[in-house]
Amino acid sequence: MLVKQLKEITKEHLNQVIEAAVLLVEVKVKTTKTDKRYADVIIQDGSKSMEAKFWDYDEKEDFFSQLSTSEIVVIQALVGEYQGQLQLTIKEIKLAEKNAYQMGDFIPKSEWSLEKLEQGLKYFYDRIESPQLKQLLDEMIFSETHYEKFMTHPAARRVHHNFYHGLVQHTLEVLKFAYTVATTKQLTQRQIDRLIVMTMLHDWAKVIEYKALPDLGFTEQGTMLGHIFLGAHGTLNHMNEIEDFNEDDKLIILNGILGHHGRLEFGSPVLPKSPEAQILHQADIMSGNIESILSFMKEQEGNEESFTGKLWNMGTEYYKKSFEP
Ligand SMILES: [Fe+2]
Ligand SMILES: [Fe+2]
């Protein structure tokens with residue numbers, strides 16, 4: 001049975017074999033307890049991404065080893081269920097015919113228009129008073145070398161904002177949430193300046209950490225160093241080139257970038273040590289979590305059940321009637 005989009009696959013397809021053209025995003029070769037090799041793969045199209053297994057890896061080793069990442073393939077797969085989530089077992093896999101499909105159709109895009117995203121960034125940039133802080137953003141974001149990358153990159157490989165313009169959409173969401181908290185709690189202008197800057201830059205290094213779409217993998221620098229270090233390092237280098245850059249601004253902004261994951265066990269080397277940094281951290285979590293819930297619910301729109309499957313990063317299922325009029 002041919003499916004046009006992965007999101008059409010529902011529990012009604014359980015134990016049936018479907019055929020679909022998908023983008024092969026990741027292949028991880030693993031070994032079973034009985035020493036048999038298999039592949040854990042992630043596939044996606046414009047509608048959703050899914051996990052799949054390919055058990056006969058040894059027979060297809062040549063096929064897999066000649067693949068570069070992110071190729072469009074046609075698969076035949078058995079629909080099954082694992083821990084409440086649909087999972088595919090791939091039976092047949094082959095490269096799609098050249099020119100039969102367009103890569104753009106396999107990559108989700110932000111639903112916000114580019115114009116709206118640009119206006120949003122500009123709005124918050126204009127709220128900053130310190131000329132040094134504006135200069136920092138001029139060099140790191142609003143410059144020929146960085147602007148286009150910043151505007152098109154995804155913000156994550158999976159889970160949230162993993163689409164074209166994902167990074168800037170996520171950044172803008174965090175700016176809106178953070179700014180609302182800052183004005184509600186009547187932070188000073190200086191604190192607001194620093195909050196806007198650390199927020200705009202907190203995931204800036206994702207343009208270095210992730211390959212550009214349609215490739216979804218990490219770069220070597222990203223794997224070795226991660227966006228938290230890369231972001232703080234890049235920011236410090238730029239700060240050191242700017243005349244009269246205030247030392248406290250430097251410390252607080254760098255701490256905000258380094259601390260934005262909020263906990264040492266989530267990859268931050270230090271905890272947020274200013275109200276600005278804590279607001280950034282909370283706003284960052286909010287943006288990521290809400291986006292992951294909404295996009296997960298959207299992926300499962302088609303089927304009739306009251307609850308979604310379990311969303312692994314949140315540890316629970318969601319009540320689909322929430323969207324009923
Ligand atoms: Fe981050
Ligand atoms: Fe973030």
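**His227 and His260 sit buried at the iron ion (ligand 1)**. In this predicted model, His227 is buried, and so is His260; buried means under 20% relative accessible area, exposed over 50%, and partly exposed anything in between (1.4 Å probe, protein chains only). The two histidines (NE2 of each) share the iron ion (ligand 1) with Asp203 (OD) and His261 (NE2), at 2.1 to 2.5 Å. Donors here are N, O and S atoms within 2.8 Å of the metal (3.2 Å for Na, K and Ca), and water is not among the atoms, so sites may look incomplete. Angles among the four donor atoms run from 83 to 171°, which makes the site irregular. For the record, four donors count as tetrahedral if all angles lie between 85 and 135 degrees; four count as square planar and six as octahedral if opposite donors are over 155 degrees apart and all others between 65 and 115; anything else is irregular. Along the sequence, the donor residues follow the spacing D-x23-H-x32-H-H. His227 belongs to helix H8 and His260 to the loop between H9 and H10, so this pair ties together parts that are 33 residues apart in sequence. Helices (H or I, at least four residues) and strands (E, at least two) are DSSP runs, numbered from the N terminus.

**Next door, the iron ion (ligand 2) is 4.0 Å from the iron ion (ligand 1)**. Which residues hold the iron ion (ligand 2)? His170 (NE2), His202 (NE2), Asp203 (OD) and Asp284 (OD) coordinate the ion, at 2.1 to 2.2 Å. Asp203 does double duty, bridging the two irons. The iron ion (ligand 2) also has an irregular site, with angles of 81 to 177° among its four donor atoms. Its donor residues are spaced H-x31-H-D-x80-D. Look at where two of them come from: His170 is in helix H5 (residues 166-184) and Asp284 in helix H10 (residues 275-299), so distant parts of the chain, 114 residues apart, get linked. Both of these residues are buried.

**Helix H8 has a bend of about 90° at Gly226**. The bend at a residue is the angle between axes fitted to the seven residues ending there and the seven starting there. How far does H8 (residues 220-241) span between its end C-alpha atoms? Only 27 Å, whereas a straight helix of 22 residues would span 32 Å; the expected span is 1.5 Å times one less than the number of residues. Gly226 itself is one of the buried residues of H8, a list that also includes His227, Ile228, Leu230 and Met239. Their cover includes helix H3 (131-140), helix H6 (189-201), helix H7 (206-209) and helix H9 (247-258); contact means heavy atoms within 4.5 Å.

**Past H8, Glu243 lies in the loop between H8 and H9**. Is Glu243 buried or exposed? Exposed, with a relative accessible area of 69%. Its C-alpha atom is 7.7 Å from that of Gln132, though the two residues are 111 residues apart along the chain.

**Strand E5 (residues 85-95) pairs with both E3 and E4**. E3 (residues 49-54) runs parallel to E5 over two bridges, with Ala52 opposite Leu88. E4 (residues 71-82) is antiparallel to E5, joined by ten bridges, and Glu81 stands opposite Leu86. Strands pair if DSSP finds at least two bridges between them. The E4–E5 hairpin has two residues between the strands, and Gln83 there takes a positive phi near 50°. Further along E5, Glu92 is partly exposed at 46% relative accessibility and touches Val74, Ile75 and Gln76, not counting residues up to four places away in sequence.

**Asn99 and Gln186 are loop residues with positive phi**. Most residues other than glycine have a negative phi. Asn99 comes in near 65°, in the loop between E5 and helix H2 (114-126), and is exposed at 77% relative accessibility. Gln186 has phi near 50°, sits in the loop between H5 and H6, and counts as exposed at 68%.

**Conventions for these views.** Residues are numbered from 1 along each chain as its sequence is written, while chains are lettered from A and ligands numbered from 1 in the order in which they are written. As this is a predicted model, local features need pLDDT of at least 70 and side-chain atom pairs count only at pLDDT 80 or more, while totals for chains, interfaces and linings use all residues; side-chain values use heavy atoms, with hydrogens and water left out.
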